[in-house]
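Q: Please take a close look at one part of this model, the small sheet, and then follow the chain out to what surrounds it.
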Amino acid sequence: NSSSVKEFILLGLSENQGVQKIYFAVFLLFYTLTVAGNLLIVLTVTSSRHLNSPMYFFLCHLSLVDICYSSVTAPKMISGLLVGNNTISFVGCVGQLFGLHFFGCTEIFILTAMAYDRYAAICRPLRYPALVSRRLCGRLVGGSWLGGFLHSSLQTLPTALLPFCGPNKVGHYFCDVRPLLRLACGDTRAAGLAAVANSGLISLSCFLILVASYAVILVSLRGRTSAGWHKALSTCGSHVAVVILFFGPCTFVYIRPSGDPAEDRSVAVFYTLVTPMLNPLIYTLRNREVKGAMRKLCRR
């Protein structure tokens, strides 16, 4: 790498020390709840004999991804707020960029696979066991992890190979493509367009697939009883909530060619910290089976 910059300084969310103390307390709480809540879901699903349907298999992987995803950015930011040291090595920065896109993209693909599962369960109930077999679930999750890895490699390599000769202040609380491109010395237009095309197109196209799948589900519910409507919507409600919370901010940040750094930072808090924390709450509060299995686990 022709870079002469050996470390970066993350500017974080605020320069004000009083505000930083508030952020430290809030984000430490968020991160603790994220790890505890998602870990509880992973343990509940893996230890319960009753939660063996494809929906819970996907939910278990989603929770695992959420723990990893928020762990890429939150610990570094929280420790920076506590000790006031916001430097990150060049290698650490590239690693953070890779992890962020790897787990973020894997989450997008798993949410899309979950939409297919919901579609098959509601629109094709009689053929559901054949349509969503164990083997297919394994392939969908494996494909999600592989897709995340490929996407992340395509995002990270071009950025890491750019020359950085100073300044080294990253206008964000983690290393992402756009803030780093602003610091590169060379011509970054091609890398910038590739980044927008890659991240923006993945989040937008998966979002459109999800919207289409829910449109099909709603159309198929015409003529069903109110009990049928209620059952279908209750199984989809939690998934729709997670999709909106995750895809809304994500698409907003990555689809625009050049965004306002302050806006990007505040929106990023949503998809890196808030949504991974809310996922376990959304899925357990609306699900009697998971709540029952959690009670059994806690009693044990």
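Along E1, which side chains point to one face and are buried, and which point to the other and are not?

A: This is a predicted model, in which local features need pLDDT of at least 70 and side-chain atom pairs count only at pLDDT 80 or more, while totals for chains, interfaces and linings use all residues. Residues are numbered from 1 along each chain as its sequence is written, and side-chain values use heavy atoms, leaving out hydrogens and water.

Phe 8 and Leu 10 point to one face of E1 and are buried (under 20% relative accessible area with a 1.4 Å probe, protein chains only; exposed is over 50%, partly exposed in between). Glu 7 and Ile 9 point to the other face and are not buried. Helices and strands here are DSSP runs numbered from the N terminus (H or I, at least four residues, for a helix; E, at least two, for a strand).

E1 belongs to an open sheet of three strands in the order E2-E1-E3, with mixed pairing. Strand E2 (87–89) and strand E3 (169–170) are at the edges with a single partner strand each, so one side of each has no neighbour in the sheet. Two strands pair if DSSP finds at least two bridges between them. Strand E1 (residues 7–10) runs antiparallel to E2, with three bridges between them. In these bridges, Glu 7 is matched with Ser 89 of E2, and Phe 8 with Ile 88 of E2. Helix H3 (residues 90–123) packs on the sheet and touches E1 and E2 (contact means heavy atoms within 4.5 Å). The direction of H3 makes about 85 degrees with that of E2; axes are lines fitted to C-alpha atoms, for helices over the stretch in contact, and angles run from 0 to 180 degrees between N-to-C directions. With E3, E1 pairs in the parallel sense over two bridges. Here the buried Leu 10 has Val 170 of E3 as its bridge partner.

H3 also meets helix H5 (residues 134–160): the buried residues of H5 pack against helix H2 (54–83), H3, H6 and H7. Among these buried residues are Cys 137, Gly 147, Gly 148, His 151 and Thr 159. H5 has 27 residues and reaches 39 Å from its first C-alpha to its last, close to the 39 Å expected (1.5 Å times one less than the number of residues).

H7 (residues 189–220) has 32 residues, which should span 46 Å, and the 45 Å between its end C-alpha atoms agrees with this. H7 has a kink of about 25 degrees, centred on Leu 201; the bend is the angle between axes fitted to the seven residues ending at a residue and the seven starting there. Gly 186 sits in the loop between helix H6 (177–181) and H7. Gly 186 counts as partly exposed because its relative accessibility is 34%. Its C-alpha is 8.1 Å from that of Phe 164, 22 residues away along the chain.

Further along the chain from E1, Ser 47 lies in helix H1 (residues 17–47). Ser 47 has 31% relative accessibility and therefore counts as partly exposed. Beyond its neighbours within four places in sequence, Ser 47 is in contact with Leu 297 and Arg 300. The C-alpha atoms of Ser 47 and Lys 296 are 9.9 Å apart, although 249 residues separate them along the chain.
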